[in-house]
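Visitor: Could you walk me through this one? I'd like to hear how the labels are earned.

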Amino acid sequence: MTLVRHELKQSRISLIVWTLSIASLLAVCVFLYPSMKSEMDAVSEMFSSMGSFTAAFGMDKVSFGTLIGFYVVECGNIVGLGGAFFAALCGISVLAKEEKEHTAEFLMTHPVSRWRVVTDKLIAVILQIVILNVVVYLTAVASIALIGENIPWKELNLLHLAYLLLQVETASVCFGISAFLRRSGLGIGLGIAMLFYFLNLVANITEQADFLKYITPFGYAEGADIVNSLSINGEMLAVGSAFTVAGIVIAYVKYCKKDLR
């Protein structure tokens, strides 16, 4: 576990900044709800007439007049997209940085196999994602309690579970790509997270593109669908789990045979 601790120590500043940023934005968003509550009916009516824009963000499926509807649309994008960016950055850099920073030759002289290196780095990535999500979840619960609203436990738990799974899948896909890189891939990681997000928007706009929801993790993490059905789509989650496993397996296969420079 020495390598896990080392990775966590190296990434602690990034983890703290991203966690505090997402949690604070989430809290501010929740604290805005009481002052906007009386105007939500007018806001819902306005958004309902915006056609494709309304459908893209799932605003045609939830009511802004309820806390959970407001949370899904406003806070959901903060946690979903912000968390995906963080997960992508963690996954895309964790293997590639050994060659980029010329530390691979030092690491490989130690009595540790490449399999163990990949495993410990993967554990470090997952731990960072879990830490971020625990803090964000607790912030959400505390913020809702502070504004005097009843906490919708089932909906909130399902939403944040979906966001966690979304981030794990994004990180795993980027983790697999990281094994092929020799230099910084931050742009690639951010691009993948953004691509996943926009694929879901396109799928929401037109039924002809509904199949895209099976490609992007944002498909099963769609807050409006989760709140309405009180469940996470099992088929989409199964496909997402396959992508997660594939990314991890590719990372092991490639990195264990890779010529390190």
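Guide: Sure. A nonpolar core is a set of buried Ala, Val, Leu, Ile, Met, Phe, Trp, Tyr and Cys residues joined through side-chain atoms within 4.5 Å. Bear in mind that this is a predicted model.

Visitor: Which residues touch the most other members of the largest nonpolar core?

Guide: Leu 26, Tyr 71, Leu 95 and Leu 159, out of 66 residues in that core. Helices supplying at least two residues each include α2 (12-36), α8 (114-146) and α12 (234-257), while α5 gives the most, with 15 residues.

Visitor: What does Leu 95 touch, leaving out residues up to four places away in sequence?

Guide: Val 118, Lys 121, Phe 175, Ser 178, Ala 179, Ala 251 and Tyr 255.

Visitor: How do you know that the buried residues of α1 line one face of the helix?

Guide: Leu 3, Val 4 and Glu 7 are the buried ones in α1 (residues 2-10). Looking down the axis of α1, they fall within an arc of 105°, so they line one face. The face turned away from that buried side carries Thr 2, Arg 5 and Lys 9, which are exposed.

Visitor: Why is α9 called mostly covered?

Guide: Buried means under 20% relative accessible area, and 19 of the 26 residues of α9 are buried, so "mostly covered" fits.

Visitor: What makes the span of α9 agree with its 26 residues?

Guide: At 1.5 Å a residue, α9 should span 38 Å, and its end C-alpha atoms are 37 Å apart, so the two values agree.

Definitions and conventions
Residues are numbered from 1 along each chain as its sequence is written. This is a predicted model: local features need pLDDT of at least 70, side-chain atom pairs count only at pLDDT 80 or more; totals for chains, interfaces and linings use all residues. Side-chain values use heavy atoms; hydrogens and water are left out. Buried means under 20% relative accessible area, exposed over 50%, partly exposed in between (1.4 Å probe, protein chains only). Helices (H or I, at least four residues) and strands (E, at least two) are DSSP runs, numbered from the N terminus. Contact means heavy atoms within 4.5 Å. The arc is that of the directions from the helix axis to the C-beta atoms. The expected span of a helix is 1.5 Å times one less than its number of residues.
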